[in-house]
Amino acid sequence: MNVAVRGHTATKQASEHFDVLIVGAGISGIGSAYHIEKQLPGTSYVILETQTTFGGTWSTHRYPGIRSDSDLHTFGYSFKPWVGPPIATAEEILSYMKEVIDDNDIARHIRYGHKINSASWSSEQNLWTIEATTTDTGEAKTFTANFLWMCQGYYRHSEGYTPEWEGMDRFKGRIVHPQTWPDDIDLTNKKVVVIGSGATAATLVPNIADKCAHVTMLQRSPTYFRLGRNAIEIAEELRRLQVDEAWIHEIVRRKILFEQDAFTKLCVSKPEQVKKELIGQISAVLGPDYDVETHFTPTYRPWRQRIAFVPDADLFKGIASGRASVVTDEIECFVENGIQLKSGKVLEADVIVTATGFNLAALGDIAFEIDGKPLAFGDTVTYRGMMFTGVPNMVWVFGYFRASWTLRVDLVADFVCRLLGHMKAKGKKKVEVKLRPEDHNMPILPWIDPENFNPGYMMRNMNLLPKRGDKPEWQHSQDYWTEKDEIPKTDLDDKAFVYG
């Protein structure tokens, strides 16, 4: 059969079969592969990755200064010690991931340049059929798998989110999004406006300030930031004592997680105290004459949106030096020489960077079918944010908002390996989750509670995400400190699991 794909005519190949198919070779996919290697030896698996290399986010994003906004002691894997600075560059993270791939013989399982178009489940065969296309030749590839492990993340890698502003076509300069940063852009002596106030903007601004004539961070409203050294004292002290790196990694992870838990609880119980402390850090760098009230005092309580860590206060040192500035205002329209603000002011610019967020892609823009019927992912109910009613033999890795994403990679991987072992012991080929009789009158709610956490990329596309219940097992609680104990104790013979 010939299939026309993206301008190519591709010949359909015979399918390859695997016990497990992992979608994505980012931080989640590589971590999940490690756990298969260690916990399920002899299991056949393949990782399909659209890009031409591993790394996911850390390969997609190439803007100046790209770095983690989580510490690598917890963003790194539980099984591999992190030995560098806690806030790491993309290059450092990719090097770390390459070591995991090389040390565990994972490379031979990865198929790069494979874009998945569809995934279809057959209850008759108890199989997933995955249709993919090679990105270089357009060749159609078919895979079958007993189990599908979704590690593709939550946003569309091919394009970032840029709002439509009036007059964008009139602007004579260049408009770029950090997610698709062009290799040929030269910011030397240019006037640059970065629209946004999140972790991306906070990273970009100090990293281009030395090159630009001037860089302005334009924000509609302020964001919370945490400031600190890009170092952890206890790790430095333990290294001076020549303690084994595996011990250091575990001790530092536990310390950070303990402190994060305490900070999160304090944000809820004493939000004004936390607010005062966070803003006080900024005032200490910018000085008493800076208008912190206007530019760095959010209207919402801390942790209702993600708080970015600013290592060594580099963003605020750039502002204090005069090389960078912050404008808090709304955009009226774009004009030929920059941006007209609602206050009447014009921000002149040669380059405008839209650090305005992601486009949510709940299942990697893959067309899913269950027994011939299109899957409406938004109509399912989630089991602990990783399995979904009516979707057999599939788990999705969705990390944490208030803790490192990768903490959940390890938790979910342990759960999946235990589940697959349980199915084998029972002689079962199929498992799905189903609401139990006692869940009949359970309220069905949106994926997250907007009063608890409400970033723009979620609010814009909440309809794409599954529903949650009001019981712990039917939601992604975002509470690592509870889940780390609850998920390993999951009763795999609970009535929520239906085997076949």
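1. A charge sits over a ring if NZ of Lys or CZ of Arg is within 6 Å of the ring centre and within 35 degrees of the ring normal. Lys426 fits this description: Lys426 lies over the face of Tyr499, at 5.1 Å from the ring centre. Arg226 does likewise with Phe263, and here the distance to the ring centre is 3.9 Å. Please keep in mind that this is a predicted model.

2. Next, the domains. The domain assignment splits the protein into domain 1 (16-157 + 359-499) and domain 2 (162-232 + 279-356). Their C-alpha centres are 33 Å apart. Domain 1 brings 28 residues to the contact, and domain 2 brings 23 residues.

3. How much area do domain 1 and domain 2 bury between them? The figure is about 2,200 Å², with 48% of it on carbon and sulfur atoms. On the domain 1 side, Tyr63, Arg67 and Asp69 lose the most area to domain 2. Together these three residues make up 30% of what that side buries.

4. On charges across this interface, the rule finds 2 salt bridges between domain 1 and domain 2. Arg67 also deserves a look for its own pairing. Arg67 forms a salt bridge with Asp314, and the closest N and O atoms are 2.7 Å apart.

5. Aromatic pairs number 33 over the whole structure. One of them is Tyr77 with Phe79, which is stacked, at 4.8 Å centre to centre and 10° between the planes. Are these two rings buried or partly exposed? Tyr77 counts as buried because its relative accessibility is 0%, under the 20% cut-off. Phe79 has 21% relative accessibility, so Phe79 counts as partly exposed.

6. Another ring pair joins Tyr480 and Trp481. This pair is edge-to-face, with centres 5.9 Å apart and 80° between the planes. Tyr480 is buried, at a relative accessible area of 9%. Trp481 is buried too, at 12%.

7. Ring pairs also build a cluster. Its members are Tyr154, Tyr155, Phe358, Phe377, Phe388, Trp396, Phe398, Phe401, Trp405 and Trp447.

8. Last, a loop residue. Asn104 is placed in the loop between helix H4 (90-103) and strand E5 (110-111). Is Asn104 buried or exposed there? Asn104 has 13% relative accessibility, so Asn104 counts as buried. Which residues does Asn104 touch, leaving aside those up to four places away in sequence? The contacts are Tyr34, Glu37 and Lys38.

Terms used. Residues numbered from 1 in each chain as written. Predicted model: local features only at pLDDT ≥ 70, side-chain atom pairs only at ≥ 80, totals over all residues. Heavy atoms only, no water. Helix = DSSP H or I, 4+ residues; strand = E, 2+ residues; numbered from the N terminus. Buried < 20%, exposed > 50% of the residue type's maximum accessible area, 1.4 Å probe, protein only. Contact = heavy atoms within 4.5 Å. Phe/Tyr/Trp six-rings, centres within 6.5 Å; stacked < 30°, edge-to-face > 60°. Domains from an automatic or database assignment. Buried area = accessible area lost by both parts, 1.4 Å probe. Salt bridge = Lys/Arg side-chain N within 4 Å of Asp/Glu carboxyl O.
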